[in-house]
Amino acid sequence: MVDFSINEHDQKVLDETNLMKKMIDEKYVRYYDIHEEELLPPELPEANDWKHLEPMLAERGKKDGTTKPGTFGMLRSIECTGSTGTIALRAIAGGLGNAALRAQGTKEQQEKWGHLGLAMAITEPSCGSDSKAIETTAHLDGDEWVLNGEKIFVTSGIKCKGLVVWATLDRSKGRGAIKSFIVMKGTPGLELAKKEHKLGIRVSDTAAFVLKDCRVPRENLLGGKEEIAAEKGGDFKGLMATFNMTRPGVGAGGTGMIKHASKIVIAELKKEGVEVDWEQGPAKRSALQEKLIDLEAQIESSALTVYCAAWLADSGKPNNLESSVAKNKGGDASRHGGLLAVELLGAVGITEDHLVEKDWRDARITDIYEGTGEINHLIIARALLNYTSSDLM
Ligand SMILES: Cc1cc2nc3c(=O)[nH]c(=O)nc-3n(C[C@H](O)[C@H](O)[C@H](O)COP(=O)(O)OP(=O)(O)OC[C@H]3O[C@@H](n4cnc5c(N)ncnc54)[C@H](O)[C@@H]3O)c2cc1C
């Protein structure tokens, strides 16, 4: 049976995480939003004060009734992420590239690189949503792959230790020829081209790279399969499956940010005597109360789709459709809910007096990376209608 209730121990973990996040919000969040050019230190000075959270997390699996790990991760993200965004106390070796390594890498490759922070480099100046159109090439020369191309919008491109680079072995062979390669930082031929300046999630660095005759060892091909597969098979499908695990996480992050904004809004409106009286019918409610209800409904519905996708993954069931639904609802809640939160505070909503405007800016990305809203609509439609990507593109 699907059950998202949590036991006492898990609640304590959430409460402690919330205290830690409150400290991060108060001390660091606005600073790194304003000082986008600065990179976070590998570990914040307060890390030692929160060491007790690690054993509490490790204890979870041993207690009765603990929520399954994926679902709990989403709960933590929605309930505690808030404006903190990607500010963690400690450096965590976990980027989108690590998810690809887990999904595609051999056991040896996972052991070799799994402990390092890896970014994912798919997007290029001429291709974003249509990732099978990538132009970066890889060819074998002796015992080395030689990579050439350009990659843009690489999350954590500056901070990461290495990149998972998507490249084609033969452009005429379509997606069956697309492979991914580990390219470690410092490899000759991998050049940092620029760091982006962004509207939101400014604490998360985003970089562009040029690969110019960049040579990596033959064993850096993820999964190790060198042959070009038939058009519909091969590594590409597996690579795309990486996102089934990460899309609910993106939805959860955006939902968490808007939930954080809504808590501020609710507290501020309460000071002015505006609260939702759930006993009253709609005819007696003010426009503000109606907007508050709308905001809460968006957050709740988005959270439920996220938990559903994570619960399926935890239970070893397919979740391609549900992952995209969660990502989509998270994107909607971020765009519409974020705007509602800002509107509800009136002019104050766009000042730096509160973190609401920052939550709104930060959450905007939810609907862009790891598949835009439109692309996730396509995935949902294909799954519901049993269409392939060639039937509906
Ligand atoms: C902050 C940030 C971090 C990022 N991090 C990474 C990363 O770590 N690694 C990485 O590889 N990429 C990353 N990206 C890139 C991101 O994944 C792409 O921006 C995204 O895939 C969209 O691609 P595009 O920008 O080229 O837009 P396009 O694909 O050009 O799309 C433009 C618009 O057209 C719509 N559209 C496109 N195709 C269709 C269609 N078939 N039907 C209907 N509408 C369509 C899109 O939804 C969008 O609204 C990041 C981007 C940002 C902004």
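How much of strand E5 (residues 178-184) is buried? Six of its seven residues are, so E5 is largely enclosed by the rest of the structure. Here a residue is called buried if 20 or more other C-beta atoms lie within 10 Å of its own, exposed if 12 or fewer, and partly exposed in between, with C-beta atoms placed from the backbone.

Before going on, please keep in mind that this is a predicted model: local features need pLDDT of at least 70, side-chain atom pairs count only at pLDDT 80 or more, and totals for chains, interfaces and linings use all residues. Residues are numbered from 1 along each chain as its sequence is written.

**Strands and their partners**

Helices (H or I, at least four residues) and strands (E, at least two) are DSSP runs, numbered from the N terminus. Two strands pair if DSSP finds at least two bridges between them. Strand E5 runs antiparallel to strand E4 (residues 162-168), and seven bridges join the two. If you would like to find this pairing on screen, start from Trp-166, whose bridge partner in E5 is Ser-180.

Another antiparallel pair is made by strand E2 (residues 137-141) and E3, joined by five bridges. Leu-140 stands opposite Trp-145 in E3. E2 and E3 form a hairpin with two residues between them, and Gly-142 in that turn has a positive phi of about 65°.

**Around the ligand**

E3 comes back into the story at the ligand. A residue is near a molecule or strand if its C-beta atom, placed from the backbone, lies within 6 Å of it. There are 21 residues around the ligand, and Ile-122, Gly-128, Ser-129, Thr-155 and Thr-372 come nearest. The elements giving two or more residues to this shell are strand E1 (118-121), strand E3 (144-155) and helix H10 (373-385).

What classes of residue make up the shell around the ligand? It has 13 nonpolar, six polar and two charged residues. In this scheme Ala, Val, Leu, Ile, Met, Phe, Trp, Tyr, Cys and Pro count as nonpolar, Asp, Glu, Lys and Arg as charged, and the others, Gly among them, as polar. Domain 2 (96-229) and domain 3 (236-385) both contribute residues to the shell, so the ligand lies between them. The domain bounds come from an automatic or database domain assignment.

**Helices**

The expected span of a helix is 1.5 Å times one less than its number of residues. The table sets this beside the distance between the end C-alpha atoms for three helices.

| Helix | Number of residues | Expected span | End C-alpha distance |
|---|---|---|---|
| H3 (residues 69-80) | 12 residues | 16 Å | 16 Å |
| H6 (residues 235-271) | 37 residues | 54 Å | 56 Å |
| H7 (residues 287-314) | 28 residues | 40 Å | 41 Å |

H3 is mostly covered, with 10 of its 12 residues buried. Among these are Phe-72, Met-74, Leu-75 and Ile-78, and also Arg-76 and Glu-79.

Where does H6 bend? The bend is at Thr-246 and amounts to about 40°, with a proline, Pro-248, following within four residues. That angle is taken between axes fitted to the seven residues ending at a position and the seven starting there. Just after H6, Gly-273 takes a positive phi of about 85°. Val-274 is found in the loop between H6 and H7, and is partly exposed, with 15 other C-beta atoms within 10 Å. Just after H7, Gly-316 takes a positive phi of about 70°.

**Positive phi outside glycine**

Ile-201 has a phi near 35°, a positive value in a residue other than glycine. Its place is the loop between strand E6 (190-195) and strand E7 (206-217). Ile-201 counts as buried because 23 C-beta neighbours lie inside 10 Å.

Asn-386 is a non-glycine residue with a positive phi too, near 60°. Asn-386 lies in the segment after H10. Is Asn-386 buried or exposed? With 7 C-beta neighbours inside 10 Å, Asn-386 counts as exposed.

**Two buried helix residues**

Leu-101 is found in helix H4 (residues 96-104), and is buried, with 26 other C-beta atoms within 10 Å. Its C-alpha atom is separated by 20 Å from that of Ala-229, 128 residues apart along the chain. Thr-17, in helix H1 (residues 8-34), is buried with 21 other C-beta atoms within 10 Å. Thr-17 and Ala-208 are 191 residues apart in sequence and 33 Å apart in space, C-alpha to C-alpha.
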